[in-house]
Amino acid sequence: MTSFSDYLNSVARINSLAPSMSVSDIVWFFHCGMVFSSPHKWWADFRTRRTAHEGIDITWYAVNNGQIRQFDENIMIPAMNNGRVVNVCDNFLGKTIIVDQTYSELTETRLVFAYAHVVPEKGIGKGSFLQKNQVIAKICNTRRNPLLVPHLHFSCIEVERHVPFNRLDWDLFTSPAKVNLINPVFL
């Protein structure tokens, strides 16, 4: 499985965020409210969230000159690993693509990745098989909520295998008693 730092390098490479430099020259920035399990918002009033953050939000980065930049709606989102799209659902900024990462039928749980606040690429939908680094979406425009900058919300979630694919959505993912949220940084 790809590590989270390798995934960030893939995002940088696919989007040419460090032209004429190595993607390892990119520094990523995260407000404390953007990280896994944070109770805080990183936008608007900076107060607390309804539930702890289920993943990590990615947008701010700098290359060697130190100028901090942020994602926009032209940022392409690659698949972190091979997998199969098992659901595409709405979220408050756009769509979420749910990708099944489980390759064994012998386990009682499945591992899914959620790529949220995106616009799926044409042809990416339920049943699509994805290849690692394949572009699956672009960041959605956040004009509906101008207090948030465009960003990718990425989650890793372990769910029981018997849960139907159409139930893999934010109602389930924000119910900590029903899922096991995994910090993507430790992948």
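This passage walks through the strands, core, aromatic pairs and salt bridges of a predicted model.

A good place to begin is strand E8, which spans residues 109–120. Of its 12 residues, 9 are buried, so E8 is largely enclosed by the rest of the structure. Several strands pair with E8, and they can be taken in turn. Strand E7 (residues 95–100) is joined to E8 by 6 bridges in the antiparallel sense, and within this region Val99 is found opposite Phe113 of E8. Strand E11, covering residues 152–160, also runs antiparallel to E8, with 8 bridges between the two. Here Thr109 faces Glu160 of E11. A further antiparallel partner is strand E10 (residues 135–139), connected to E8 through 3 bridges; Val118 and Ile139 of E10 stand opposite each other.

Strands E7 and E8 are also linked through their side chains. Arg110 and Asp100 meet in a salt bridge, with 2.5 Å from N to O. Because Arg110 belongs to strand E8 and Asp100 to strand E7, this pair ties together parts that are 10 residues apart in sequence. Both ends of the bridge are covered: Arg110 is buried, at a relative accessible area of 6%, and Asp100 counts as buried at 7% relative accessibility.

In total, the model contains 4 salt bridges. As general background, side chains of opposite charge can pair when their charged atoms come close. Another of these bridges joins the side chains of Arg49 and Asp57, at 3.9 Å from N to O, and both Arg49 and Asp57 are buried. The bridge between Lys95 and Asp90, at 2.6 Å from N to O, has a contrasting setting. Lys95 counts as partly exposed, with 33% relative accessibility, whereas Asp90 reaches 54% and so counts as exposed.

The nonpolar interior comes next. The largest nonpolar core is made of 34 residues. Those with the most contacts inside this core are Trp28, Phe71, Ile77, Ile97, Tyr115 and Ile136. At least two core residues come from each of helix H1 (4–14), strand E2 (56–58), E7, E8, E10 and E11. The top contributor is H1, which gives 5 residues to this core.

Aromatic side chains deserve a closer look. A pair of aromatic rings is described by the distance of the centres and the angle of the planes. The model has 11 aromatic pairs. One of them brings Trp28 and Phe71 together edge-to-face, with 6.0 Å centre to centre and 85 degrees between the planes. Trp28 sits in strand E1, while Phe71 is in the loop between strand E4 (68–69) and strand E5 (76–78), so the pair ties together parts that are 43 residues apart in sequence. Trp28 and Phe71 are both buried. Trp42 and Trp43 make another edge-to-face pair, at 6.0 Å centre to centre and with 85 degrees between the planes. Trp42 is buried, with a relative accessible area of 5%, and Trp43 is buried too, at 15%. Elsewhere, Phe4, Tyr7, Phe113, Tyr115 and Phe154 come together as one aromatic cluster. Two members of that cluster have already appeared: Phe113 stands opposite Val99, and Tyr115 is listed among the core residues with the most contacts.

The strand that carries Trp28 also takes part in a sheet of its own. This open sheet has 3 strands, in the order E1-E3-E4, and its pairing is antiparallel. E1 and E4 stand at the edges with a single partner strand each, so one side of each is left without a neighbour in the sheet. Between strand E3 (residues 60–62) and E4 there are 2 bridges, again in the antiparallel sense. Ala62 has Ile68 of E4 as its bridge partner.

Ile68 also turns up at the surface of the model. Together with Val27 and Phe29, Ile68 forms a nonpolar patch there, and the three share about 250 Å² of accessible area. Phe29 belongs to strand E1, which runs over residues 27–29, and counts as partly exposed at 31% relative accessibility. Strand E1 thus offers a contrast within a few residues: Trp28 is buried, whereas Phe29 is partly exposed.

Key:
Residues are numbered from 1 along each chain as its sequence is written. This is a predicted model: local features need pLDDT of at least 70, side-chain atom pairs count only at pLDDT 80 or more; totals for chains, interfaces and linings use all residues. Side-chain values use heavy atoms; hydrogens and water are left out. Buried means under 20% relative accessible area, exposed over 50%, partly exposed in between (1.4 Å probe, protein chains only). Helices (H or I, at least four residues) and strands (E, at least two) are DSSP runs, numbered from the N terminus. Two strands pair if DSSP finds at least two bridges between them. Patches are made of residues with over 30% relative accessible area and no salt bridge: like charges are joined within 9 Å, nonpolar side chains (Val, Leu, Ile, Met, Phe, Trp, Tyr) within 5 Å. Accessible areas come from the Shrake-Rupley method with a 1.4 Å probe; for residues, only the protein chains shown count as cover. Rings of Phe, Tyr and Trp (its six-membered ring) pair if their centres lie within 6.5 Å; planes under 30 degrees apart count as stacked, over 60 as edge-to-face and the rest as tilted. A nonpolar core is a set of buried Ala, Val, Leu, Ile, Met, Phe, Trp, Tyr and Cys residues joined through side-chain atoms within 4.5 Å.
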